[in-house]
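Trainee: I should be grateful for a close look at one part of this model, its salt bridges. Please give a connected account of the residues involved and of their surroundings.

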Amino acid sequence: MTGWDLKPQGIQGVLKTTGETASHLEGYAKAYGEHLTSAASSAGTVSAEGGGGGEKVQGGLVALALSQYAEHATKDLQYIALRAGKSLQGAVDATTAYLQGDEAMAAEAQRKALAEPRVDLPGVQSA
């Protein structure tokens, strides 16, 4: 059997809980960035002689790797946040459409129920 059997109150509860959880993503992303920055600064540096000029080159290999990782991971986190928002909005829109459809069907059923009945008597021509 195919069909829809949505329970708006249940959907509302799930959307509320999911929305609250999704709203924490920004805080998690900020903390994530702070932890990466801390890790990069705590990783230390590597000193090496530069090309033929004898200059010292300083840079942290771990810090560089963390920076490159963070750049890639930030895009993934942004995608997750956007996808969560669009998914929540899609659920709201679908539920709204379902409820409006229910109202339209109920109004149509009520209209049909209130329509004047047609009485066909045997031997009488209807107009």
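Mentor: A residue counts as exposed when its relative accessible area is over 50%, as buried when it is under 20%, and as partly exposed in between. The model is a predicted one, and it holds four salt bridges. By the cut-off just given, arginine 118 and aspartate 120 are both exposed; these two residues form a salt bridge whose closest N and O atoms lie 3.5 Å apart.

In helix α1 (residues 8–23), glutamate 20 and lysine 16 are four residues apart and therefore separated by about one helical turn. They form a salt bridge, with 3.0 Å between the closest N and O atoms. Lysine 16 is exposed because its relative accessible area is 53%, whereas glutamate 20, at 41%, counts as partly exposed.

Helix α3 offers a further case of this spacing: lysine 112 and glutamate 108 both lie there, four residues apart, about one turn of the helix. The closest N and O atoms of their salt bridge are 4.0 Å apart. Lysine 112 is exposed at 55%, and glutamate 108 is partly exposed at 33%. Both belong to a network of salt bridges that links Glu108, Arg111 and Lys112.

Elsewhere in helix α3 lies threonine 95, which counts as buried because its relative accessibility is 11%. Its side chain reaches the backbone oxygen of alanine 91 at 2.8 Å.

Finally, the axes of α2 (residues 25–42) and α3 (residues 61–114) cross at roughly 175°, so the two helices are roughly antiparallel. Their contact has 14 nonpolar residues and no charged ones.

Technical notes:
Residues numbered from 1 in each chain as written. Predicted model: local features only at pLDDT ≥ 70, side-chain atom pairs only at ≥ 80, totals over all residues. Heavy atoms only, no water. Axes fitted to C-alpha atoms, helices over the stretch in contact; angles between N-to-C directions. Parallel < 35°, antiparallel > 145°, perpendicular 65-115°, else oblique. Nonpolar A, V, L, I, M, F, W, Y, C, P; charged D, E, K, R; others polar. Buried < 20%, exposed > 50% of the residue type's maximum accessible area, 1.4 Å probe, protein only. Polar contact = N/O pair within 3.5 Å; in protein donor to acceptor, adjacent residues only side chain to side chain. Salt bridge = Lys/Arg side-chain N within 4 Å of Asp/Glu carboxyl O.
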